[in-house]
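Work through the exercises below with the model open. Each task is followed by a solution in steps.

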Amino acid sequence: MQAVILAAGEGKRVRPLTRSRPKAMIPVANRPIIEYVIEALLKNGIRDIVVVVGYRKEQVTRFLNQLDIPIEVVVQTKQLGTAHALLCAESKISGDFLVLPGDNYIDPKSIAHIKDIPNAMLVKEHPNPSNFGVVMLEDGYVTRIIEKPEHAPSFMVSTGIYSLKKDFFSKIHGNDITDVISLMIDEGEQIQAIPAGDWQDAIFAWDLLRMNRHLLSTLLPAKEGTTSRQTIIQGAVRIGKGTTIGPNTVITGPVFIGNDCTIGPNCCIMPNTSIGSRVTIEPFTSIGNTLIMDDSMIGSHSLIKDAVLGERCTLADHTSASPVKGILEIEGCVTQSEFGAILGDNVKGGSFSLYHNCIIGNNVTIEEQGCLKSRNIPDGSMVM
Amino acid sequence: MCGIVGYVGRREAAPLIVEGLKKLEYRGYDSFGVATIGKTLELDKHKGRISDNAQSASHLKGKVGIGHTRWATHGIPNNINAHPHLDCTGTIAIVHNGIIENYAELKRQLKARGHTFRSDTDTEVVVHLIEEEYGKKNDLLFAVQTVVPKLEGSYALLVIADNEERMIAARNASPLVIGIGDGENFAASDMTPILEHTERAMFLEDGDIATLSRGEVTIFNHGKVVNRPLELIDWSLEDVKKGGFAHFMLKEIYEQPQSFYNTICAVNPDIIPEFVHHPLTVTVVACGSSYHAGLIFKYLMEESCRIPVRLEYASEFKYYPPPIEGLVIGITQSGETADTLTALKQAKAHNCRTLAITNILGSSVSRLADATIFMRAGPEISVAATKSFVAQLAVLMQIVNNIADRKCNDMLLHAHQAIEEILLIDLTDAVAVCTLAKDIFYVGRGPFYAVALEGALKMKEISYIHAEGYAAGELKHGPFALLSSETPVIALCTPGDTYGVMISNIKEMKARGAPVIAIGSEGDSELPDIVDIFIPIPNTTPFVQVLTSLVVLQLLAYYTAVALGRDVDKPRNLAKSVTVE
């Protein structure tokens with residue numbers, strides 16, 4: 001069996017985090033999302049994997065090259081939709097195959113359920129179906145797919161994971177796989193709907209926090225770094241090589257800390273936090289329910305809750321990011337959300353700054369004592 | 001410079017050797033050939049690249065075989081001069097990497113004794129000499145042992161003969177690795193062809209002769225059995241494959257943040273030898289890109305440590321009076337660059353301490369120098385040096401940092417982030433300008449002069465566009481006459497002492513109508529207004545800006561070469577490392 005992973009799209013609604021990587025490469029619980037997809041396939045004995053890359057293809061390819069198993073890479077030069085992306089992989093496919101989005105988490109069990117049934121798709125109920133392809137079912141077969149409807153007739157959505165036959169390629173007209181599936185249904189072909197087990201998608205950047213929390217829930221504790229004897233560690237905590245945790249730091253799992261970090265003394269790391277590699281967290285800082293990528297620095301006496309920090313961010317002392325409810329416009333769509341802050345790469349925040357429910361673009365500089373609430377600051381801005 | 005591969009074992013040899021030769025193509029690619037011992041000795045050799053002739057040679061039968069991919073030194077590339085070479089009887093075959101210096105004399109003697117020569121190569125004398133000795137005892141090992149002392153020059157040899165279930169390998173001054181497999185053994189110019197099959201390797205020393213059979217490898221030196229340590233090679237095979245990248249060069253450009261970071265971490269004070277901690281003077285010998293790395297080192301070292309640095313092309317070093325004292329550093333990615341080896345030998349002869357900086361474990365330079373620092377770039381396949389260059393800089397910057405009391409530690413540990421960042425840059429406009437140009441000038445001042453030289457070298461070697469690097473101040477002393485609206489100038493203009501004078505240089509060049517592409521700091525308000533195309537790099541320290549501007553120039557050369565349809569990884573007339581003077 002072969003599998004095609006689609007990882008060419010940028011994931012515009014997750015901006016600013018997609019400047020240097022597509023959504024599939026965003027690290028959640030310290031591993032890019034696509035790695036979970038590949039792992040789920042491998043657990044099902046599917047080793048013949050093709051990845052379609054496009055946006056920031058070099059970064060994706062470089063990552064795939066360092067995995068243990070060889071992965072075939074094909075390039076989609078222009079991002080014209082999922083069916084077009086799939087067509088790019090046509091020459092590599094010889095029989096029945098699976099299609100999976102590279103930017104959604106899927107558990108191995110769901111793949112086991114679908115892999116032996118040709119012409120099937122994984123479906124799942126979702127509380128906000130309007131962001132997906134909504135499917136109508138009858139006796140376990142799909143009768144209709146409606147792509148991102150304003151008023152969804154059901155809560156059942158397509159996960160974007162399909163099991164298809166080789167002849168699917170000859171049916172491709174239009175740009176999206178759902179279009180082709182709709183056409184097949186109209187022509188009388190039967191598409192089986194298989195309920196997915198554990199499937200996670202992040203539509204907006206703050207959804208990454210939910211995905212992070214979910215993936216951390218199965219974290220196995222491990223300690224490779226140096227921790228002071230006065231450090232208090234509870235729950236599942238994983239500490240990478242070369243990391244030093246200073247005295248009187250309290251870490252309550254699940255928490256995943258990468259390699260070569262410096263944390264503490266006197267810090268407090270609360271549950272559902274992932275910290276990348278080479279991150280510095282200065283004394284008297286408290287962090288919880290947060291995702292921090294590589295090479296970032298958080299100054300002393302800060303409070304960071306419900307936040308996503310890109311790479312190379314520097315937040316000065318006395319920074320506060322905490323969740324409030326607010327309304328933001330993302331890619332022309334007004335949405336309500338509740339989170340602390342989403343920071344792109346290389347954000348420099350001044351001391352005594354407050355962030356509530358705001359998205360800060362890449363390379364933004366914020367002067368001291370800034371107070372931002374429900375704002376979406378574009379890349380490269382200077383906030384005075 | 002040539003690549004050789006040998007196999008003896010339980011599988012069909014020819015397909016394995018062909019695959020191995022493809023991986024060695026960076027060492028030479030003008031002709032190739034394979035010989036195996038099937039029922040009789042079988043031979044297939046061609047002019048051209050092995051990757052373009054995928055099916056040829058694989059059909060040969062037999063479980064013992066040797067192969068060769070050539071970069072011509074003696075005799076033009078054609079079918080006849082391609083290796084392997086056979087003796088008069090057609091029962092002995094040989095492949096050779098290196099140069100037999102006394103071949104003319106030997107050839108005359110052999111001809112007088114009635115041997116017929118088919119090719120113009122120096123190699124063929126060896127096989128005829130072996131033929132004479134083999135006739136006496138029918139013992140191939142004895143024959144090679146008797147012949148080798150008669151040879152002068154450099155060689156890595158692999159010999160097979162009809163009716164012999166083994167292969168004989170000999171080495172002097174050319175690289176040769178023995179790979180120990182399970183019921184099979186390998187020999188090759190470097191690890192890349194072997195990695196797929198085993199990670200256990202032995203590096204032969206000068207004067208070693210080894211006999212390889214299916215289950216056994218015995219090494220002799222001057223007739224005595226010797227042991228060479230078994231080393232485990234931790235390169236993964238993926239490292240030497242192209243992955244999904246269009247070219248090795250692009251793959252290697254994108255691996256630079258990791259190469260730099262790994263090297264910075266690996267080169268800690270314990271690795272840097274004691275005699276490098278407080279040198280009185282430093283002499284750097286290097287060729288090509290490595291020379292440019294040396295030039296950047298000279299600026300950094302003299303400025304940060306106040307230690308004078310002399311920098312020479314390794315090939316010119318012997319024509320200057322040698323240093324009487326101080327430290328001599330030889331920089332070579334492959335560790336096999338003939339000129340650098342000679343220069344280091346000369347320095348040693350004058351009692352100087354020598355330090356080698358190289359990427360290849362077990363390479364000749366590491367045996368020669370008093371101490372060696374390995375960079376951690378991983379295998380570099382593309383002929384144009386990219387990641388090995390930044391790794392060289394990482395080693396050199398760590399040496400400077402170490403002498404300057406490690407005050408730059410923090411900056412070096414985070415420098416790879418800036419390289420990562422610069423990889424996102426969009427160069428479409430600049431590439432469009434370069435693609436149309438016949439000549440391009442690169443100018444810079446201070447360490448950026450070295451960056452200009454390296455940028456120009458990258459451009460000319462892979463895009464075949466005439467490109468020259470100049471110190472910006474030197475432009476007015478002649479090259480200015482060449483400027484016109486058809487000669488783009490790439491100017492490196494970053495904040496610092498040189499900024500003001502660079503700005504006025506750029507204005508002068510603009511006044512002559514030359515289109516100017518400037519690389520400057522993000523947020524510069526003056527520069528973008530006076531130049532045609534402005535390429536911003538992050539506003540950081542000069543150390544880091546040297547690295548980032550360099551990566552910009554590598555990408556510029558790469559995309560220009562791709563736009564012009566050049567063979568980026570194997571530019572015409574060039575070989576990865578130059579093992580002849």
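**Exercise 1.** State what share of the residues of chain A count as buried.

Solution. The model is predicted. A residue counts as buried when 20 or more other C-beta atoms lie within 10 Å of its own. By that rule, 50% of the 384 residues of chain A are buried.

**Exercise 2.** Decide whether the radius of gyration of chain A agrees with that of a compact globule.

Solution. Step one: for 384 residues, the radius expected of a compact globule is near 21 Å. Step two: chain A has 22 Å, which agrees with the expectation. Step three: for the outer dimensions, the C-alpha atoms of chain A fill a box of roughly 65 × 40 × 35 Å along the principal axes.

**Exercise 3.** Describe the secondary structure and the contacts of chain A.

Solution. Count the elements: chain A has six helices and 41 strands. Then take the contacts between residues at least 6 apart in sequence; 47% of these join residues at least 24 apart.

**Exercise 4.** Locate the domains of chain A and describe where they touch.

Solution. The assignment places domain 1 of chain A at 2-203 and domain 2 at 221-383. Their centres, taken over C-alpha atoms, are separated by 31 Å. In the contact between them, ten residues of domain 1 of chain A meet 16 residues of domain 2 of chain A. The domain 1 side consists of five nonpolar, two polar and three charged residues.

**Exercise 5.** Give the domains of chain B and the separation of domain 1 and domain 3.

Solution. Chain B is assigned domain 1 (3-235), domain 2 (242-416) and domain 3 (425-570). The C-alpha centres of domain 1 and domain 3 of chain B lie 46 Å apart.

Methods:
Residues numbered from 1 in each chain as written. Chains lettered and ligands numbered in written order. Predicted model: local features only at pLDDT ≥ 70, side-chain atom pairs only at ≥ 80, totals over all residues. Helix = DSSP H or I, 4+ residues; strand = E, 2+ residues; numbered from the N terminus. Rg over C-alpha atoms; globule rule 2.2 N^0.38 Å. Buried ≥ 20, exposed ≤ 12 C-beta atoms within 10 Å, placed from the backbone. Contact = placed C-beta atoms within 7 Å. Domains from an automatic or database assignment. Nonpolar A, V, L, I, M, F, W, Y, C, P; charged D, E, K, R; others polar.
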